[in-house]
Every structure is written in structure tokens, then in C-alpha cells.
Amino acid sequence: LDLSVSRNFTIGYLTGSDRLPDDQEYKRPGLLISGALTLAVDEININKPLVGGHRLKVRVAETYGRERHSILQTARLWMTNISVYVGPQETCVHEARMAAAFGLPMISYVSH
């Protein structure tokens with residue numbers, strides 16, 4: 001990895017911010033956290049730039065709070081060349097194993 005050339009480091013964010021039509025009880029914890037993540041990335045890029053002109057980006061992937069969707073989104077994010085995973089919110093056992101197999105770190109902040 002040549003850090004002398006500025007580049008974007010993309011955060012793959014696995015969130016549960018929306019409901020599936022058949023699940024009106026899902027509490028959507030991602031609604032509270034998503035704003036904090038995007039605010040932090042904007043603050044870093046604007047007020048505290050990374051050394052070398054590097055920038056952070058966020059790519060959002062909706063899980064609907066369902067493990068099946070979360071696993072699928074974990075694979076899809078990997079295919080987009082992300083640098084790190086943040087999330088998911090409900091489950092993380094299989095997603096964490098996938099991240100480890102892909103050689104990517106995962107920061108899971110609410111895992112049951």
C-alpha cells in the first residue's frame with residue numbers, strides 16, 4: 001500500500017435503519033448511530049484532515065436487522081474494496097468471520 005499517494009479509505013457501514021414491509025416492530029437502531037458516523041467522517045475530512053491528503057468515505061449497507069441481509073451486505077461491501085467494516089448492530093458472528101477471512105477489521109458497536 002503506497003501511502004505517498006493520497007487516497008480514499010472507505011468505511012463499509014452495516015446499519016439497521018430501515019424496516020422490511022412485513023416487520024413494523026423493528027426498532028431501527030441505525031437511525032441514531034448513522035448520523036454520528038457521517039458527522040464524524042465529515043468533521044475529520046474538513047477540520048482534521050488525515051496526513052498525506054487521505055480522506056474517509058462511508059458506504060452504507062442496509063441490513064433491516066436481519067442476519068441474512070447482514071451477511072449478504074458484508075460480502076457486497078467487500079466487493080467494493082472497503083477498508084474497514086463498522087457494524088452490524090444485531091448479529092456479528094458470521095460477519096466478523098467473513099471480515100477476518102477478507103483481511104479487514106470490523107468495529108461492531110452493538111452486537112447481540
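**Exercise 1. Place proline 88 and describe the peptide bond that leads to it from glycine 87.**

Step 1. Proline 88 lies in the loop between β3 and α3. Helices (H or I, at least four residues) and strands (E, at least two) are DSSP runs, numbered from the N terminus.

Step 2. The peptide bond from glycine 87 to proline 88 is cis. Its omega is near 0°.

Two notes on the source apply throughout. This is a predicted model, in which local features need pLDDT of at least 70 and side-chain atom pairs count only at pLDDT 80 or more, while totals for chains, interfaces and linings use all residues. Residues are numbered from 1 along each chain as its sequence is written, and side-chain values use heavy atoms, with hydrogens and water left out.

**Exercise 2. Give the strand order of the sheet, and find which strands stand at the edges.**

Step 1. The sheet is open and has four strands. Their order is β2-β1-β3-β4, and the pairing is parallel. Two strands pair if DSSP finds at least two bridges between them.

Step 2. β2 (55–62) and β4 (106–107) are the edge strands. Each has a single partner strand, so one side of each is left without a neighbour in the sheet.

Step 3. Look at one pair, β1 (residues 8–15) and β2. These strands run parallel and are joined by eight bridges. Glycine 12 stands opposite arginine 59 in β2. Asparagine 8 stands opposite arginine 55 in β2.

Step 4. Follow the chain from β1 to β2. It passes through helix α1 (residues 30–47), and this β-α-β crossover is right-handed. The term means that, with the strands pointing away from the viewer, the path from the first strand over the helix to the second runs clockwise.

**Exercise 3. Is threonine 10 buried or exposed, and what does threonine 10 touch?**

Step 1. Threonine 10 lies in strand β1.

Step 2. Its relative accessibility is 9%, so threonine 10 counts as buried. The cut-offs are: buried under 20% relative accessible area, exposed over 50%, partly exposed in between (1.4 Å probe, protein chains only).

Step 3. Leave out residues up to four places away in sequence. Threonine 10 then touches Lys57, Arg59, Ile82, Ser83 and Val84. Contact means heavy atoms within 4.5 Å.

**Exercise 4. Check the span of α1, then sort its residues into buried and exposed.**

Step 1. The expected span is 1.5 Å times one less than the number of residues. For the 18 residues of α1 this should be 26 Å; the end C-alpha atoms are 25 Å apart, which agrees.

Step 2. Gly30, Ser34, Leu37, Val41 and Asn45 are the buried residues of α1. Seen down the axis, they fall within an arc of 70°, so they line one face of the helix. The arc is that of the directions from the helix axis to the C-beta atoms.

Step 3. The buried residues of α1 pack against β1 and β2. Leu32, Leu39 and Ile46, on the other side of α1, are exposed.

**Exercise 5. Treat α3 in the manner of α1, and then look just past its end.**

Step 1. α3 covers residues 93–102, with Glu95, Met98 and Ala99 buried. These buried residues fall within an arc of 100° seen down the axis of α3, so they line one face.

Step 2. That buried set packs against α2, β3 and β4. The face turned away from the buried side carries the exposed residues Arg97, Ala100 and Ala101.

Step 3. Glycine 103 comes just after α3 and takes a positive phi of about 75°.

**Exercise 6. Describe three loop residues: arginine 28, asparagine 81 and tyrosine 64.**

Step 1. Arginine 28 is in the loop between β1 and α1. Its phi is near 55°, a positive value in a residue other than glycine. Arginine 28 is partly exposed, with a relative accessible area of 25%.

Step 2. Asparagine 81 sits in the loop between α2 and β3. Its phi, near 70°, is positive too, in a residue other than glycine. At a relative accessible area of 59%, asparagine 81 is exposed.

Step 3. Tyrosine 64 belongs to the loop between β2 and α2. It is partly exposed, at 23%. Not counting residues up to four places away in sequence, tyrosine 64 touches several residues, including Thr15, Asp18, Tyr26 and His69.
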